[in-house]
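Trainee: Could you show me how to read the way helices pack and how a nonpolar core is put together?

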Amino acid sequence: MMKDGYLEFFERFNISIEDFLRFAEDSIILIPKERAKKEWVNLKQRIQGEGQEVYVRSYARNGEGNYLYQEIYQELFPCKIIVDKTNNRYPTELLQELTGFNKNGRNANIQNFQVSHIFGCTKNPYAFCAPWNIAFIPKILDPFTGHESKGDLTNKITKIYKNRMWEEYEDLIQEYNNEMRTLECKINIYIENNKSMDKRIKKFHNSLLSEFAQINI
């Protein structure tokens with residue numbers, strides 16, 4: 001029988017899983033829809049603007065694989081794609097600006113919240129700062145949503161958050177999917193033309209396909 005440390009914790013302290021899941025759903029802080037629409041249009045325009053700055057998260061340990069992504073960015077986009085130095089600075093600033101909630105400095109009005117990329121895809125310039133992909137969630141939920149977390153409870157919380165974003169921003173996410181369909185052929189050609197037996201390159205190609213995949217619920 002599988003032992004789940006999370007479930008044992010809930011049982012030990014008499015915490016209802018149903019109540020915990022309701023807390024997860026109710027506590028998420030999203031960008032208001034109309035502001036999200038405007039920012040999404042802004043982001044798409046910057047990506048297609050020559051020399052415009054757009055941000056992504058680094059790839060591989062200490063960013064040692066960033067050069068691999070930069071090569072294909074240059075083939076796909078006219079904008080200048082920059083790796084966020086902290087891997088979360090720009091999404092955090094965007095959330096604070098568009099939600100009115102600030103977790104840093106003198107104007108802080110929330111604490112023990114963190115930025116979460118609900119659908120991941122943080123090496124994709126269309127997704128890293130996409131208003132339909134980022135939200136504030138309580139830090140106490142991080143053990144249930146992080147990459148190392150596994151099990152039924154993690155799956156349920158992940159599903160709750162993805163469904164919530166889909167319900168709120170479906171039209172924006174569908175526009176994202178259209179952009180990914182447009183890029184799909186170019187990415188496949190790039191991978192075909194750069195095949196290698198090098199495990200590092202194979203891993204990068206898998207990452208590339210995952211980061212630029214369409215989002216479906």
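**Helix packing and the core**

Mentor: Leu-68, Glu-71, Ile-72, Glu-75 and Leu-76 of α4 meet Leu-183, Lys-186, Ile-187 and Tyr-190 of α7, where contact means heavy atoms within 4.5 Å and helices are DSSP runs (H or I, at least four residues) numbered from the N terminus. This is a predicted model, in which local features need pLDDT of at least 70 and side-chain atom pairs pLDDT 80 or more, while totals for chains, interfaces and linings use all residues. Residues are numbered from 1 along each chain, and side-chain values use heavy atoms, without hydrogens or water.

Trainee: At what angle do α4 and α7 pack?

Mentor: Two packed helices are described by the angle and the distance between their axes. Here α4 (residues 66-76) and α7 (residues 152-193) pack at about 130°, with their axes 11 Å apart, and are therefore oblique to each other (neither under 35, over 145, nor 65 to 115 degrees). By contrast, α3 (residues 33-47) packs on α7 at about 15°, with axes 9 Å apart, which makes α3 roughly parallel to α7.

Trainee: Which residues touch the most other members of the largest nonpolar core?

Mentor: In soluble globular proteins, nonpolar side chains tend to be buried together. Of the 65 residues in the largest core (buried nonpolar residues, under 20% relative accessible area, joined through side-chain atoms within 4.5 Å), those touching the most other members are Phe-77, Trp-132, Tyr-161, Tyr-169, Tyr-176, Leu-208 and Phe-212. The largest share of this core, 15 residues, comes from α7. Beyond its neighbours within four places in sequence, Phe-212 contacts residues including Tyr-69, Tyr-73, Phe-77, Met-180, Leu-183 and Ile-187.

Technical notes. Axes fitted to C-alpha atoms, helices over the stretch in contact; angles between N-to-C directions. Helix = DSSP H or I, 4+ residues; strand = E, 2+ residues; numbered from the N terminus. Buried < 20%, exposed > 50% of the residue type's maximum accessible area, 1.4 Å probe, protein only.
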